[in-house]
Amino acid sequence: MVLELVLLSSIIISDTTVTTPQQLDEVMVVLNSTAAKRSEKGQLASIDEHLSQLSGVNLVRRGAYAWEPVVNNMSVERVSTTIDGMKIFYACTDKMDPVTSYVESGNLRSILLNSGLNGNPQATGNIGGSLDLKLRKAGFGSEAFRLGADAGYESNGNMQVYGIDGALSAGRFYTNGGIFYRHAGNYREGGGNKVPFSQFQKVNVYDNFGFRISPGNDIEGTFIFDRATNVGYPALNMDVAKAEAFITSLAYTRRWNEGVLQSWETKAYYNHITHVMDDTHRPDVAIHMDMPGKSRTSGIYSLLRSGSGRHELTANYDLYYNRLFADMTMYPGGAAPMYMVTWPDVGTLNTGVAASDRIVLGNGHELTLSAKVAFQSQRLNNEEGFKALSVFFPGMKDSYHQTTGRIAAGYQYSSGASQLSVGAGWGSRAPTVTEAYGYYLNNTFDQYDYIGNPRLSNESAIELNTGYKLSVRDYELDVRANAFFFSNYIIGQFEPRLSAMTVAAEGVKVYGNISHATLANFALTSRWDITRWLAWNVALSYGVGRDDDSDPLPLISPFSYGSGLMLRLSRFQAKAEVKGNTRQSSYGKKYGETSTPSWTVVNLSASYRPSLRSHGLILRAGIENLLDKRYTTYSDWCGIPQKGRNIYVNVSFEL
């Protein structure tokens, strides 16, 4: 596999599956690579830990497992997440199972980040940005045989990680697969106190395969089975008995070595997610509840890449059909069970066309244009859920239709060691199933029950962005800023006429449109190679968000900082890192948010590669939160504390 990274204000990546360079804002490489950005823990790091390395990506924690990715301070409603271009939708009304939780690092090659509206062709509703998780595929004609094993241990929570994977490859066939297992108990916060209900265990089985019918004609497939059980969520009222995913796809790709056309990939896929919440292990439960959810998605996309002269063009058609259903059964002591539908089996049919053109103007000038339009139809298939929501919205229909789209343009000028970029775009998104049709969904962040609103208007935003990159022999500087100006911003609004259903809830909020909102982000990263064996990096970021009353929006990152010294010898690397946030003085009190104190932690890590002729062996070790500081970040749901001191060791072996 060939992997090129050009670390400019945008990134161009090429590999065995992409024949035309793809414009990206950042790439997180999970495969072993000393030259690329990746987690210090290597391949045994969780997906969440890999995501945390991306600039502009933050994570909302509700426990020690399955953190919710946030891009440009926008959460899953405004971010598109795909796996190799496949649309997948979480099955939990409390967002306990983001799409990223159903992939394992052993089956992941890289994470591609597009910031803002210039998203990947399969992305829809991606005002904040898009993440595409690219799977690890052996490829045709690579190593004939490979076998690898991984094992790791973390002291805080007694977490164990084990994995084994292998690959076979020939000129006309390849397959690679494996199994990974993670198990953790309750972790300890800084100071030593246990955080109850923070345990989890997970197994992930995967296989990728390909057949070369003839030169330039390939068929490739993917199978993933992921099952997490006994997952605790200390920030919520309930845990998870089971989160299970079945993900599969089959693709045909035609490639040309000459002419205008370069590649044409068509992929069909199906995935089925089952999520079962559980409160049976919680003490003093006032009313026991069962809360299962299901998500099923079938889809197809067809992506054509071509190049002619100064133009690099892509055209994409995609279609998916998703059904989301969730319900709740409450068992009050001594009384008959109570039943309620929380997602009324909503079927969503979405189809769209997208196109982009990267135009090389010459003399360092480059222009990128992209656009997409999508048509969506939704139907409420559960009559009981439809009737319950109709009580609050008399005359509502059981089917709705929306049209969404985006258009973006970017200009880039390169001169010597400097590169300047500016861009602008407009995009819209339809309300999510929760925002439009959710029914009495309890939010422990602000302690309100939420009800969807089928009469919501589409949300839209104008984006402006700019960046500057300086790259000289031993120094790199990357500065980026963007601003989003929203119309019809969707957010929950207090409704005093309604009474809460959840015990201890403060009231009811109904999703509504506010006239406008603004959101701005700034990020700076730099790297200085002081000597051949010593490097210093710095990262700074800040965000600000305001609603139509100029009040702060919730879950916006305060000023954050990080700095690290990296020692690099022939087979040994070590890193000392300091990172933290300032006090969150501008917070969404109106939306139930509270101030978060400042914090700083120190991390140490090291890796060593012994000299073995025919085997690859990597040893890693490190200490996170060296000073055992007790702290919580702005994105820790309900202020749950982060891990205290954590010592980890892991080993990866490849034959």
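Is Arg-146 buried or exposed? Arg-146 is buried, with 8% relative accessible area. Keep in mind for every view below that this is a predicted model.

**View 1. Glu-654 reaches across to Arg-146.** Here the two side chains meet in a salt bridge, with N and O 4.0 Å apart. Glu-654 sits in strand 33 (residues 646-654) and Arg-146 in strand 10, so this pair ties together parts of the chain that are 508 residues apart in sequence. The two ends have their own surroundings: Glu-654 is partly exposed at 25% relative accessible area, while Arg-146 is buried at 8%. If you're wondering what brings such partners together, side chains of opposite charge can pair when their charged atoms come close.

**View 2. A nonpolar patch sits on the surface.** Ten names to find in this one: Phe-145, Leu-147, Ile-164, Leu-168, Phe-173, Ile-179, Phe-211, Leu-612, Phe-653 and Leu-655, together offering about 840 Å² of accessible area. Three strands each put in at least two of the patch residues: strand 10 (145-154), strand 11 (159-169) and strand 12 (173-184). Take Leu-147 as a sample member; it belongs to strand 10 and counts as partly exposed, at 35% relative accessibility.

**View 3. Arg-406 is tucked into strand 21.** The strand covers residues 399-415, and Arg-406 itself is buried, with just 8% relative accessible area. Its side chain finds backbone oxygens to work with: a polar atom of that side chain lies 3.2 Å from the one on Leu-117, and the side chain reaches the one on Asn-120 at 3.1 Å. Leaving aside residues up to four places away in sequence, Arg-406 also touches residues from other stretches of the chain, including Pro-121, Thr-124, Ser-370, Lys-372 and Trp-426.

**View 4. Arg-429 pairs with Glu-459.** Stay around Arg-406 and look for Arg-429: the two arginines are 23 residues apart in sequence and 8.9 Å apart in space, C-alpha to C-alpha. Arg-429 forms a salt bridge with Glu-459, and the closest N and O atoms are 3.0 Å apart. Since Arg-429 lies in strand 22 (residues 418-429) and Glu-459 in strand 25 (residues 459-471), the pair ties together parts 30 residues apart in sequence. Both Arg-429 and Glu-459 are buried.

**View 5. Arg-379 and Asp-398 make a salt bridge.** Their side chains meet at 3.5 Å, N to O. Arg-379 is in strand 20 (residues 365-380), and Asp-398 is in the loop between helix 2 (383-390) and strand 21, so the pair links parts that are 19 residues apart in sequence. Arg-379 is partly exposed, at 42% relative accessibility, and Asp-398 is partly exposed too, at 31%.

**View 6. Five charged residues are linked in a salt-bridge network.** The members to pick out are Lys-41, Glu-49, Glu-154, Glu-624 and Lys-643. For context, the structure holds 42 salt bridges.

**View 7. Thr-222 meets Asn-208 side chain to side chain.** Thr-222 has its place in strand 14 (residues 217-231) and is buried, with a relative accessible area of 2%. A polar contact of 3.2 Å joins its side chain to that of Asn-208. Beyond residues up to four places away in sequence, Thr-222 touches several others, among them Leu-135, Lys-137, Phe-209, Ile-247 and Ser-249.

Key. Residues are numbered from 1 along each chain as its sequence is written. This is a predicted model: local features need pLDDT of at least 70, side-chain atom pairs count only at pLDDT 80 or more; totals for chains, interfaces and linings use all residues. Side-chain values use heavy atoms; hydrogens and water are left out. Helices (H or I, at least four residues) and strands (E, at least two) are DSSP runs, numbered from the N terminus. Buried means under 20% relative accessible area, exposed over 50%, partly exposed in between (1.4 Å probe, protein chains only). Contact means heavy atoms within 4.5 Å. A polar contact is a pair of N or O atoms within 3.5 Å; within protein, one must be able to donate a hydrogen and the other to accept it, and residues adjacent in sequence count only if both atoms are side-chain atoms. Patches are made of residues with over 30% relative accessible area and no salt bridge: like charges are joined within 9 Å, nonpolar side chains (Val, Leu, Ile, Met, Phe, Trp, Tyr) within 5 Å. Accessible areas come from the Shrake-Rupley method with a 1.4 Å probe; for residues, only the protein chains shown count as cover.
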